[in-house]
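Below are some questions and answers for a reader new to this structure. The sequence and the model come before them.

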Amino acid sequence: MNSFQICIRAILPIFLITAAGYAAKRVGLIREEDVPRINALAFKVFLPVMCFYNVYTSDLSSALRPGLMLFTVLAILAVYALSFAYAHFFVKERSKRSVIIQGLYRSNYVILGLPLAAGLTQNGDIGVAAVMGAVVVPIYNVLAVLVLELYNGTRPDGRKLLKNIATNGLIIGNVLGILVLVLKLKLPSPVEIALRDMSRVASPLMLFLLGAFFRFRGMLSHWKDLIAVCLGRLVLIPALVLGLALVLGFRDLELITLLAIFASSTAVSSFTMAQQLGGDAPLAGDIVVATSALASFGLFGWSFLFKMLNFI
């Protein structure tokens, strides 16, 4: 019962905030066309600040886990390769392939995973999970650009790729946080308070917007693809990666971090990148909606299982 209550406390707030966003759109408090603009503001301002503050307030000596980082990188690359193989052999339309690959390998780690990690860890200490963002986010972006440009018929542009990485707010926030920690810089108290308050806005705002982004019309036209991606993203991939992690001895904070990375829904930004780089944007949007709608149940199931088995 204690494990059940802990998991409910971690998952239910995420579900309720997302549901509030959907309800607000349904009653007309926020329009669907407003979501991309507010979403862009959150991605460029509040999320980078949250990434910086989470790293800045963590203990770098205990948050840096080389073994966890190596395993995560290799696991992401392996999932990417498996997703690529699936799309290449089983998806006929080229414009769908890149979107399905993104839907399978790219998780909503920053928006959905970090709140989950905070809910499952004692005292909300997400230092390990926060620092991992500096590893995960750049890899996700590089792989996304490569696969989208591969399937839209253009040759990947190295300079464009480097520019996308260098100007990504989430990457900048994580890197600056690590630099400040390494240099042992202490920010003035008013600055810390401002950053703290802005960082607290990020996750609730993005979860609210995720709910407002939900749109269920049109899903029936490609229901087979949605079922395949949901099963892969929320069941098969977590089972493979987390199962291997358990065999290798990952437990507690490290396992929670891996759960947040590999069992979260598909990243919202995958929809934006599909729009910009020639993927099947409607399918990408529906993948985000479908996996997000089901992610709370999947995350609860995995969290409850690991709590019951005393792995976290």
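Q: Is Leu16 buried, partly exposed or exposed?
A: This is a predicted model, and Leu16 sits in helix α1. Buried would need under 20% relative accessible area and exposed over 50%. The relative accessibility of Leu16 is 48%, so this residue counts as partly exposed.

Q: Which element gives the largest share of the nonpolar patch?
A: The patch has about 630 Å² of surface and is made by Phe4, Ile8, Leu12, Phe15, Leu16, Leu294 and Phe297. Two or more of its residues come from each of α1 (2-26) and α14 (281-308). The largest share is five residues, and the helix that gives them is α1.

Q: Which helix gives the most to the largest nonpolar core?
A: This core has 101 residues, and Leu116 and Phe262 have the most contacts inside it. With 16 residues, the top contributor to the core is helix α7 (residues 127-151).

Q: Which residues is Leu116 in contact with, leaving aside its neighbours within four places in sequence?
A: Leu116 is one of the two residues named for the most contacts inside the largest core. Contact here means heavy atoms within 4.5 Å. With the sequence neighbours set aside, the partners of Leu116 are Ala10, Ile11, Ile14, Leu259, Ala260, Leu299 and Ser303.

Q: Which residues do ring pairs link into a cluster?
A: The structure holds ten aromatic pairs. Rings pair if their centres lie within 6.5 Å. The cluster linked by such pairs consists of Tyr80, Phe84, Tyr105, Tyr140 and Tyr151.

Definitions and conventions:
Residues are numbered from 1 along each chain as its sequence is written. This is a predicted model: local features need pLDDT of at least 70, side-chain atom pairs count only at pLDDT 80 or more; totals for chains, interfaces and linings use all residues. Side-chain values use heavy atoms; hydrogens and water are left out. Rings of Phe, Tyr and Trp (its six-membered ring) pair if their centres lie within 6.5 Å; planes under 30 degrees apart count as stacked, over 60 as edge-to-face and the rest as tilted. A nonpolar core is a set of buried Ala, Val, Leu, Ile, Met, Phe, Trp, Tyr and Cys residues joined through side-chain atoms within 4.5 Å. Buried means under 20% relative accessible area, exposed over 50%, partly exposed in between (1.4 Å probe, protein chains only). Helices (H or I, at least four residues) and strands (E, at least two) are DSSP runs, numbered from the N terminus. Patches are made of residues with over 30% relative accessible area and no salt bridge: like charges are joined within 9 Å, nonpolar side chains (Val, Leu, Ile, Met, Phe, Trp, Tyr) within 5 Å. Accessible areas come from the Shrake-Rupley method with a 1.4 Å probe; for residues, only the protein chains shown count as cover. A salt bridge is a side-chain nitrogen of Lys or Arg within 4 Å of a carboxyl oxygen of Asp or Glu.
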